[in-house]
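Please open the structure in the viewer and keep a selection panel at hand. The tour proceeds by stops, each giving a selection and a description of what is found there.

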Amino acid sequence: MPRRERGNSGALLLGSKTDQTLKKYLREVRAFLAWTEYWEETTASIADLDELLVDYFHELYDQGLGPHKAMCCYYGLVMLTPSWKNALPTAKLALKGYQNLYPSVAYPPMKRQLVHLVAAHLLAQDKKDMAVAVLLAFEGLLRIGEVVGLHVTDLVDCLDDRLPLGVEVPGFALRLRRTKTGP
């Protein structure tokens, strides 16, 4: 069987991301390239690219934009050229600083009044478990998988003897067995 031509793995690299992620990454890489064209910036080495990315991140930060664009640009470049993963240390550090200086804020997906209306509707249909799940997910900013994965034993109150010594719980606490970031 003939050997494939080297450097022709683009489809597999792009296939490693979901369509939505791919679109975001490529859009931000294009924005970075347009920025370099506008300012007539060129790079002769990976070190130049590293420095140029930091300048671009500062530009985004100075415009008051969140770190999402910078993150998508960085990871988009690394996706397209995986060998750059460890070759852009200054840009990676600047991205971390950007994220620290611009912390994310979690917003509930629905207005409180709408959540109460949904819960009341479920109660009227005698679906108490679902009504409680909707309220719990909203108040705790929980994902649906986290709510569905809860067991009775995952709920503790301040008097629960299963709590380790020295751990205080004001009211109630939940143990999430599986989350998006792991167990």
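**Stop 1: the largest pocket**

The largest pocket holds about 250 Å³ of space; the model in which it is found is a predicted one. Select Asp129, Val132, Ala133, Leu136, Val147, Leu150, His151, Val152, Asp154, Leu155 and Leu174 to display its lining. Which helix gives the most to this lining? Helix 7, residues 128-140, does so, with four residues. Colouring the lining of the largest pocket by class shows eight nonpolar residues, one polar and two charged. Asp154, one of the lining residues, returns at a later stop.

**Stop 2: the second largest pocket**

The second largest pocket encloses about 200 Å³ of space. Its lining comprises 13 residues, and those closest to the centre of the pocket are Ala133, Val134, Ala137, Phe138 and Leu142. Select these five for a view centred on the pocket. Helix 7 and helix 8 (144-148) are the elements that give two or more residues to this lining. Helix 7 gives the most here, with five residues. What is the division by class in the lining of the second largest pocket? There are 12 nonpolar residues, no polar ones and one charged residue. Ala133 may be kept highlighted, since the residue appears in the lining of the largest pocket and also among the residues closest to the centre of the second largest pocket.

**Stop 3: helix 2**

Select residues 19-38, which form helix 2. At 1.5 Å a residue, its 20 residues should span 28 Å, and the end C-alpha atoms are 28 Å apart, so expectation and model agree. Next, colour the buried residues of this helix: Leu22, Tyr25, Glu28, Val29, Phe32, Trp35 and Thr36. These residues cover an arc of only 155° around the axis, and therefore lie on the same side of helix 2. An α-helix has 3.6 residues a turn, so residues three or four places apart point the same way. Then select Asp19, Gln20, Lys23, Arg30, Glu37 and Tyr38, the exposed residues carried by the face of helix 2 turned away from its buried side.

**Stop 4: salt bridges**

Side chains of opposite charge can pair when their charged atoms come close. How many salt bridges does a search of the whole structure find? The search finds eight, and three of particular use to the tour are described below.

Begin with Arg27 and Glu28, which form a salt bridge whose closest N and O atoms are 3.4 Å apart. Is Glu28 buried or exposed? Glu28 counts as buried, at 4% relative accessibility, whereas Arg27 is partly exposed, with a relative accessible area of 44%.

Add Lys69 to the selection: its side chain meets that of Glu28 in a salt bridge, 3.4 Å from N to O. This pair links distant parts of the chain, with Lys69 in helix 4 (residues 68-80) and Glu28 in helix 2, 41 residues apart. Lys69 counts as partly exposed, at 32% relative accessibility.

Move to Asp154 and Arg175, whose side chains meet in a salt bridge of 2.8 Å, N to O. Asp154 lies in the loop between helix 8 and strand 1 (155-157), and Arg175 in the segment after strand 2 (172-174), so the pair ties together parts 21 residues apart in sequence. Asp154 is buried, with a relative accessible area of 1%, while Arg175 is partly exposed at 45%. To complete this stop, reselect Arg27, Glu28 and Lys69 together: salt bridges that share partners join them into one network.

**Stop 5: two positive phi angles**

Most residues other than glycine have a negative phi, and most peptide bonds are trans. Select Asp126, whose phi is positive, near 60°. Where does Asp126 lie? Asp126 is in the loop between helix 6 (112-124) and helix 7. The residue is exposed, with a relative accessible area of 57%.

Finally, select Leu141, another residue other than glycine with a positive phi, near 50°. Leu141 lies in the loop between helix 7 and helix 8. At 48% relative accessibility, Leu141 counts as partly exposed.

Key
Residues are numbered from 1 along each chain as its sequence is written. This is a predicted model: local features need pLDDT of at least 70, side-chain atom pairs count only at pLDDT 80 or more; totals for chains, interfaces and linings use all residues. Side-chain values use heavy atoms; hydrogens and water are left out. On a 1 Å grid over the protein atoms alone, a cavity is a set of points where a 1.4 Å probe fits but cannot get out, and a pocket is an open set with protein on both sides within 12 Å along at least five of seven lines; lining residues have an atom within 4 Å of a point. Grid points are joined across faces, edges and corners, and a volume is the space filled by probe spheres set on the points. Ala, Val, Leu, Ile, Met, Phe, Trp, Tyr, Cys and Pro count as nonpolar, Asp, Glu, Lys and Arg as charged, and the others, Gly among them, as polar. A salt bridge is a side-chain nitrogen of Lys or Arg within 4 Å of a carboxyl oxygen of Asp or Glu. Buried means under 20% relative accessible area, exposed over 50%, partly exposed in between (1.4 Å probe, protein chains only). The expected span of a helix is 1.5 Å times one less than its number of residues. The arc is that of the directions from the helix axis to the C-beta atoms.
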